[in-house]
Amino acid sequence: CNHFFGSPLSRSPPQSKLPPEVLQKTQMAGSSEETYLKEANVPQLVDEMLGALLRERPPNPTAFCQAWMAKKQNPFGTAPSEPSRPAQAARRMTLSQQHHVSVVRRCLLIGCGAVGMACAYSLMIQGIFDELIMNDMNKDKTEGEAMDLQHGIPFTKGMKIKAGSIADGAGSDIVIITAGVAQKPGETRIALVQRNVAIFQKMIPEVVRACPDAILLIVSNPVDILTYITWKISGFPPERVIGSGTVLDSARFRHFIASKFHLAPHSIHAYIIGEHGDSEVPVWSKMNVAGQSIYDPTDPEFEEIYTKTKRAAYEIIQRKGSTSYAIGMAVVHIVQAILSNTNRVLTVSRYIPKYNCCLAMPTVVNATGAQEPFDVQLSPDEKAKLESSATALRAVITEAGY
């Protein structure tokens with residue numbers, strides 16, 4: 001910095017925030033420096049700044065750093081009228097990065113049953129949001145749950161937690177939906193659809209009015225069908241309506257495989273794709289450890305692993321009535337990818353035109369939501385099973401009137 005800008009002790013204060021040639025352009029255009037900085041094409045401004053540096057005409061460091069920060073946010077020179085993510089989230093990102101202003105990250109959680117509270121607890125422990133608004137039809141229970149969590153805040157990073165209406169969650173960055181009737185022992189996720197569709201038809205329009213710029217994360221089952229219905233009702237772009245998909249299924253899959261090979265689950269690269277349910281598809285052909293395929297089709301234990309993965313939720317529900325902890329952690333995993341803009345590859349569910357439904361595929365998740373899924377090169381058998389899974393989902397969606 002001293003080479004270009006001079007030592008802060010020896011250099012006299014700059015008279016202008018812009019390099020001389022840039023300042024000359026502003027004077028010719030009859031605009032002030034501040035107006036130019038606000039209205040200038042950022043990539044062009046950065047190029048001019050760099051040009052001045054190379055000619056050893058040092059610009060003001062503050063102006064240069066502000067321009068460089070803006071360049072990092074908008075590397076392709078996208079016009080301001082074409083934001084690359086929801087307008088509200090983009091505005092907050094710009095404020096926090098360019099001006100170091102503290103912004104409030106708000107989450108609206110709808111549904112405070114076993115899964116909803118596991119999500120709330122996981123979110124609080126991780127300290128991801130500044131505010132968490134919890135909503136449920138059972139107001140007394142929701143207030144009690146909020147109070148219980150509030151008393152644990154001194155042991156965490158800190159978060160405002162309260163019970164409220166959907167309108168109280170207005171302006172939320174992410175809306176997590178776990179609401180719906182619970183899955184009964186032995187009941188398939190598909191059988192849940194008719195009972196939950198009516199709930200979503202009433203709820204989603206209210207969510208859209210309160211949080212028009214939010215990313216919607218659907219956790220309620222059957223998640224792929226309810227994600228599709230939410231997308232249709234909301235009118236949001238598909239990347240902003242995400243289902244938890246097979247993120248948890250893939251984690252279970254890796255857990256069982258890791259147990260077989262006595263390895264850490266983090267070292268297992270394996271996915272479950274398709275429906276979050278009975279027609280889910282294990283991608284044996286891509287399963288590997290350190291790039292080395294570990295699938296042996298002659299080993300019957302692999303089929304047992306798939307069966308245990310697919311039946312895991314039923315086994316848990318039969319024993320304790322519901323699944324909660326693992327899905328709560330899976331939801332936090334997805335939320336972190338969104339808020340931290342990590343470009344993490346997760347098997348979330350989103351609308352895929354090729355199949356005309358929502359199902360889970362390896363997908364990049366970042367601040368804009370769930371991007372176009374990877375076109376994974378599957379084996380013929382895996383491809384046929386995925387198409388069958390999509391067909392089954394599409395049939396239920398059609399039966400539901402969508």
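A search of the whole structure, a predicted model, turns up seven salt bridges. Let's work through some of them, and then look at the helices and loops around them.

**Exercise 1. Find the partner of Lys141 and say where the pair sits.**

Solution.
- Step 1: Look along the side chain of Lys141, and you find a salt bridge to Glu145, with N and O 2.9 Å apart.
- Step 2: Place the two residues. Both belong to helix 8, residues 139-150. They are four residues apart, about one turn of the helix.
- Step 3: Check the accessibility of Lys141. Its relative accessibility is 37%, so Lys141 counts as partly exposed.

**Exercise 2. Work out how Lys385 and Asp381 are placed in their helix, and whether each is buried, partly exposed or exposed.**

Solution.
- Step 1: Start with the bridge. The closest N and O atoms of Lys385 and Asp381 are 3.3 Å apart, which is inside the 4 Å cut-off for a salt bridge.
- Step 2: Turn to helix 14, residues 380-399. Lys385 and Asp381 are four residues apart there, so about one helical turn separates them.
- Step 3: Compare each value with the cut-offs: under 20% is buried and over 50% is exposed. Lys385 has a relative accessible area of 41%, so Lys385 is partly exposed. Asp381, at 46% relative accessibility, counts as partly exposed.

**Exercise 3. Find the salt-bridge partner of Lys260 and decide which parts of the chain the pair links.**

Solution.
- Step 1: The side chain of Lys260 meets that of Asp299 in a salt bridge of 2.9 Å, N to O.
- Step 2: Locate both ends. Lys260 is in helix 11 (residues 247-261), while Asp299 is in the loop between strand 10 (292-293) and helix 12. With their positions 39 residues apart, the pair links distant parts of the chain.
- Step 3: Asp299 has 21% relative accessibility and therefore counts as partly exposed.
- Step 4: Look for further members. Glu301 joins Lys260 and Asp299 in a network of salt bridges.

**Exercise 4. Describe how helix 11 packs against helix 12.**

Solution.
- Step 1: Two packed helices are described by the angle between their axes and the distance between the axes.
- Step 2: For helix 11 and helix 12, the angle is about 135° and the axes are 9 Å apart. This angle makes helix 11 oblique to helix 12.
- Step 3: Add the handedness: helix 11 and helix 12 make a right-handed crossing.
- Step 4: List some of the residues that meet. On the helix 11 side they include Arg252, Phe253, Phe256 and Lys260; on the helix 12 side, Glu301, Ile305, Thr309 and Ala312 are among them.
- Step 5: Sort the contact of helix 11 with helix 12 by class, and you get nine nonpolar, one polar and five charged residues.

**Exercise 5. Is Thr309 buried or exposed, and which residues does Thr309 touch?**

Solution.
- Step 1: Thr309 belongs to helix 12, residues 300-320.
- Step 2: The relative accessibility of Thr309 is 0%, so this residue counts as buried.
- Step 3: Leave out residues up to four places away in sequence. Thr309 then touches Asp249, Arg252, Phe253, Phe256, Ile272 and Glu280.
- Step 4: Go back to the helix pair: Asp249, Arg252, Phe253 and Phe256 are among the helix 11 residues that meet helix 12.

**Exercise 6. Inspect the backbone at Pro222, His262 and Asn356.**

Solution.
- Step 1: At Pro222, look at the bond to Asn221. This peptide bond is cis, with omega about -5°. Pro222 lies in the loop between strand 5 (215-218) and helix 10 (223-234).
- Step 2: His262 is not a glycine, yet phi is positive, about 55°. This residue is in the loop between helix 11 and strand 7 (272-273). His262 counts as exposed because its relative accessibility is 72%.
- Step 3: Asn356, also not a glycine, has a positive phi of about 55°. You will find Asn356 in the loop between strand 12 (349-352) and strand 13 (357-360). At 33% relative accessibility, Asn356 counts as partly exposed.

Key:
Residues numbered from 1 in each chain as written. Predicted model: local features only at pLDDT ≥ 70, side-chain atom pairs only at ≥ 80, totals over all residues. Heavy atoms only, no water. Helix = DSSP H or I, 4+ residues; strand = E, 2+ residues; numbered from the N terminus. Buried < 20%, exposed > 50% of the residue type's maximum accessible area, 1.4 Å probe, protein only. Contact = heavy atoms within 4.5 Å. Axes fitted to C-alpha atoms, helices over the stretch in contact; angles between N-to-C directions. Parallel < 35°, antiparallel > 145°, perpendicular 65-115°, else oblique. Left-handed = near helix turned anticlockwise from the far one by under 90°. Nonpolar A, V, L, I, M, F, W, Y, C, P; charged D, E, K, R; others polar.
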